[in-house]
Amino acid sequence: MNQIYKSEFQEIWQEPNTAYLKVVWLHQPQMTDEQYRTELLAQLNAIRQQTPQKMLIDCIQFDFKISADTQDWASKNIFPPSIMIGVKKVAVLSSKYFLSQISIEHNMQKESSGKMRTRYFDNESKAKEWLEV
């Protein structure tokens, strides 16, 4: 895998010979809304560069509650351009932090066009299997 982005909050990888990007969220309980938005913009930049059709987002260590304002911001500034670039499937490895997982699901539900399918997994192998279908 080739690492294409790294910060204190996440890593973004491109695996050669696959059509997906892998995002790995790192444990970041002190992250602010502004920092989270910056990280989403980094993901969008990676999507623009790599033009994946699929994404694997590892949220196992994700320990951040996404505010309603930031969910609305993402629904306007992240999801539409990602879909226009070609992202069609997103496999999410669920957070081990219950409240963070709820906020992730609420955030992903903001994408209501039906053009990007999202599924949640507790196992990376099953997530990759779903992405390959």
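Start with the lining of the largest cavity in this predicted model: colour it by residue class and you get 18 nonpolar residues, 3 polar ones and no charged ones. The hole they surround has a volume of about 240 Å³. Hunting for others of 30 Å³ or more won't help, as the count comes to 1 cavity.

Next, select Leu40, Gln43, Ile57, Phe79 and Met108. Out of the 21 lining residues, these sit closest to the centre of the largest cavity.

Now switch to a cartoon view and see where the lining comes from. At least two residues each are supplied by helix H1 (33-50), strand E4 (54-58), helix H3 (79-85), strand E5 (89-93) and helix H4 (98-109). Which of them gives the most? That's H1, with 4 residues in the lining of the largest cavity.

Stay with H1, and add helix H2 (residues 68-77) to your selection. The axes of H1 and H2 lie 11 Å apart, and the two helices pack at an angle of about 20°. Angles under 35 degrees count as roughly parallel, so that is how H1 and H2 run relative to each other. Turn the view until one helix lies over the other: H1 passes H2 in a right-handed crossing.

Last stop: show the side chains where these two helices meet. From H1, pick Asp33, Tyr36, Arg37, Leu40, Leu41 and Leu44; from H2, pick their partners Asp69, Thr70, Trp73, Ala74 and Asn77. Colour this contact by class too, and it divides into 6 nonpolar, 2 polar and 3 charged residues. Leu40 may look familiar: this H1 residue in the contact with H2 is also among those closest to the centre of the largest cavity.

Methods:
Residues are numbered from 1 along each chain as its sequence is written. This is a predicted model: local features need pLDDT of at least 70, side-chain atom pairs count only at pLDDT 80 or more; totals for chains, interfaces and linings use all residues. Side-chain values use heavy atoms; hydrogens and water are left out. On a 1 Å grid over the protein atoms alone, a cavity is a set of points where a 1.4 Å probe fits but cannot get out, and a pocket is an open set with protein on both sides within 12 Å along at least five of seven lines; lining residues have an atom within 4 Å of a point. Grid points are joined across faces, edges and corners, and a volume is the space filled by probe spheres set on the points. Ala, Val, Leu, Ile, Met, Phe, Trp, Tyr, Cys and Pro count as nonpolar, Asp, Glu, Lys and Arg as charged, and the others, Gly among them, as polar. Axes are lines fitted to C-alpha atoms, for helices over the stretch in contact, and angles run from 0 to 180 degrees between N-to-C directions. Angles under 35 degrees count as roughly parallel, over 145 as roughly antiparallel, 65 to 115 as roughly perpendicular and the rest as oblique. A crossing is left-handed if the near helix is turned anticlockwise from the far one by less than a right angle, and right-handed if clockwise. Contact means heavy atoms within 4.5 Å.
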